[in-house]
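Visitor: Please take me through one part of this model in detail. I would like to look at the sheet and at what packs on it.

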Amino acid sequence: MKQGPDLKRIEDNMRSGALAGHQFLGTDTRTLADIIHQDQLLLEPLGLTHHNIAERMRYFTDQATEHPGPVFVDGKFRVEREEHKGGILCPFADNVQASKSITQVTNTETGETVTWSDLNIHLIAEHGFYEGHGAPFRVDPAKYAEVLEIKV
Ligand SMILES: [Zn+2]
């Protein structure tokens with residue numbers, strides 16, 4: 001997929017610029033445009049949008065913020081939040097800063113767990129970006145849908 005100059009600049013900054021330490025792209029060699037496009041293709045057959053995924057993530061993050069310590073949500077999800085000081089700037093250069101705090105959700109029926117930072121919610125909602133393969137916080141959209149039981 002063709003990538004405009006803006007996305008190219010953002011990609012360079014993620015790979016080798018000031019943001020490289022966050023490893024947003026992991027070991028992925030695809031362009032940023034391709035990563036975003038291919039995740040969009042994973043999402044479409046599920047009938048979901050990035051906002052459906054992000055809303056569900058926010059739902060669990062809000063529950064965990066209100067109830068510190070592990071909390072059971074809807075009888076089957078074990079939700080835990082790890083508070084971290086400081087923030088991370090959105091790599092898409094929109095001056096959005098999110099906290100580094102992490103939410104972990106385990107679906108106790110399947111035993112599967114997904115983990116995200118507050119920034120991931122923004123990246124998905126606003127940029128359709130789930131990070132690259134091999135990135136510490138990469139979760140593919142179908143996995144979010146499955147573990148968090150996101151339905152249309
Ligand atoms: Zn942003």
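Guide: Start with E82, which stands opposite I102 in β5. This is a predicted model. E82 belongs to a longer pairing: strand β2 (residues 77–82) and strand β5 (residues 102–107) are joined by six bridges. The two strands run in the antiparallel sense. Further along, V79 has V105 in β5 as its bridge partner.

Now cross to the next strand. Strand β6 (residues 112–117) is antiparallel to β5, and six bridges join the two. Here T103 stands opposite W116 in β6. β5 and β6 form a hairpin with four residues between the strands. Look at G111 in that hairpin: its phi is positive, near 75°.

Step back to the whole sheet. It is open, has four strands, and follows the order β1-β2-β5-β6. The pairing is antiparallel. β1 and β6 are at the edges with a single partner strand each, so each has one side without a neighbour in the sheet. On average, neighbouring strands are turned by 25° against each other, direction ignored.

Next comes the helix on this sheet. α3 packs there and touches β1, β2, β5 and β6. Its direction makes about 70° with that of β2. α3 has 17 residues. From first C-alpha to last it reaches 24 Å, close to the 24 Å expected at 1.5 Å a residue.

Which residues of α3 are buried? They are H50, N52, I53, A54, M57, F60, T61 and A64. Many steps in such a list can be read with one rule. An α-helix has 3.6 residues a turn, so residues three or four places apart point the same way. The cover over the buried residues of α3 includes β1 (71–73), β2, β5, β6, α4 and α5.

Some of these names return in the core. The largest nonpolar core has 18 residues, and I53, M57 and I124 have the most contacts inside it. Two or more residues each come from α3 (50–66), β6, α4 (118–127) and α5 (141–147). α3 gives the most, with five residues. In soluble globular proteins, nonpolar side chains tend to be buried together.

Finish at I124. Leaving out residues up to four places away in sequence, I124 touches H50, I53, A54, F129 and Y130. Another core lies apart from this one. That core has six residues, including I10, M14, F24 and L25.

Notes: Residues are numbered from 1 along each chain as its sequence is written. This is a predicted model: local features need pLDDT of at least 70, side-chain atom pairs count only at pLDDT 80 or more; totals for chains, interfaces and linings use all residues. Two strands pair if DSSP finds at least two bridges between them. A nonpolar core is a set of buried Ala, Val, Leu, Ile, Met, Phe, Trp, Tyr and Cys residues joined through C-beta atoms within 7 Å. A residue is buried if 20 or more other C-beta atoms lie within 10 Å of its own, exposed if 12 or fewer, and partly exposed in between; C-beta atoms are placed from the backbone. Two residues are in contact if their C-beta atoms, placed from the backbone, lie within 7 Å. The expected span of a helix is 1.5 Å times one less than its number of residues. Axes are lines fitted to C-alpha atoms, for helices over the stretch in contact, and angles run from 0 to 180 degrees between N-to-C directions.
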